Amino acid sequence: MSGFLAVVRSLLGCEPAPGTPEHREALCRAQKERNDELGKPPGQRDEARLLELTKRVLRLRVEAGQAWAQALRRNIDIVLQQPDLGCCSDCLRVALRVVASLRANAAWHEEWVRISTLRLQALEQGHPYPSMTPPHLDVQPYLAEGVPLDLPPSIDRCAACQDELDKHLYMEQDLLVQVDADP
């Protein structure tokens with residue numbers, strides 16, 4: 001049924017809702033089309049099509065970044081509202097480290113939204129495409145006092161807390177190495 005709805009949305013010119021798999025697919029498809037156009041020799045490129053594809057990629061990136069940041073902020077509230085389970089002696093430090101990770105990730109996505117918005121505005125006003133430095137993920141400013149950036153392995157940490165910490169450390173690493181096709 002979702003394939004049918006995607007076709008109907010496409011025919012009507014409606015964009016999929018941000019944060020959905022269809023939206024991520026639309027972003028990837030737009031980036032591929034843009035990259036294909038950029039891959040052509042300069043004399044064979046359709047500059048008007050390239051401009052429209054670039055604007056579309058930027059719009060979709062803004063929507064995706066806003067959806068991600070919003071979801072991460074909701075997760076922060078959920079983690080902060082959970083009582084200390086007391087499952088291990090490291091439970092509170094892990095929760096505070098996870099919150100710092102979520103805040104840093106949300107800030108990273110918000111910075112991409114800001115950059116993409118500025119680029120889109122420049123293109124829509126007929127200005128040259130501004131070159132900007134991609135955001136850097138920095139967890140340090142979001143750490144609570146007494147919580148180190150690198151929580152050392154602990155024999156007092158339960159498996160559930162270790163899994164939660166590992167998940168957020170992986171997410172941070174993924175953003176650090178993520179190579180975003182810069183439209």
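**Getting to know this predicted model**

The protein in this predicted model has an accessible surface of about 11,200 Å², and carbon and sulfur atoms account for 57% of that surface.

User: Which pattern does the protein follow when read along the sequence?

Analyst: Start with the count: there are five helices and zero strands in the protein. Reading along the sequence, you get the pattern α-α-α-α-α.

User: What share of contacts between residues at least 6 apart in sequence joins residues at least 24 apart?

Analyst: Here a contact means heavy atoms within 4.5 Å. Take the contacts in the protein between residues at least 6 apart in sequence; the share joining residues at least 24 apart is 72%.

User: Is Lys55 buried or exposed?

Analyst: Lys55 sits in helix α3, which covers residues 47-81. Leaving aside residues up to four places away in sequence, Lys55 touches Leu120, Leu123 and Glu124. The cut-off for buried is under 20% relative accessible area. Lys55 has a relative accessible area of 10%, so Lys55 counts as buried.

User: How far does helix α4 reach from its first C-alpha to its last?

Analyst: Helix α4 takes in residues 91-124, which is 34 residues. At 1.5 Å a residue you'd expect 50 Å, and the reach in the model is close to that, at 49 Å.

User: And which residue just after α4 takes a positive phi?

Analyst: Look just past the end of α4, where phi turns positive at about 80°. The residue with that phi is Gly126.

User: Why are the buried residues of α2 on the same side of the helix?

Analyst: Helix α2 runs over residues 21-38 and reaches 25 Å, close to the expected 26 Å. Its buried residues are His23, Ala26, Leu27, Ala30, Gln31, Arg34 and Glu37. They end up on the same side of α2 because they cover an arc around the axis of only 130°.

User: Which exposed residues does the opposite face of α2 carry?

Analyst: What covers the buried residues of α2 includes α3. Turn to the face pointing away from that buried side, and the exposed residues there are Pro21 and Lys32.

User: Which elements give two or more residues to the lining of the largest cavity?

Analyst: The structure holds one cavity of 30 Å³ or more, and the space in the largest cavity is about 30 Å³. Its lining is made up of Gly19, His23, Arg24, Ala64 and Trp68. The elements that each give two or more residues to this lining are α2 and α3.

User: How much of the protein is buried, as a percentage of its residues?

Analyst: The protein has 183 residues. Of these, the buried ones make up 33%.

Key
Residues numbered from 1 in each chain as written. Predicted model: local features only at pLDDT ≥ 70, side-chain atom pairs only at ≥ 80, totals over all residues. Heavy atoms only, no water. Helix = DSSP H or I, 4+ residues; strand = E, 2+ residues; numbered from the N terminus. Buried < 20%, exposed > 50% of the residue type's maximum accessible area, 1.4 Å probe, protein only. Areas by Shrake-Rupley, 256 points an atom, 1.4 Å probe, with all protein chains shown as cover. Expected span 1.5 Å × (residues − 1). Arc of directions from axis to C-beta. 1 Å grid on protein atoms, 1.4 Å probe; cavity = no way out; pocket = protein on both sides within 12 Å on 5 of 7 lines; lining within 4 Å. Points joined across faces, edges and corners; volume = space filled by probe spheres on them.
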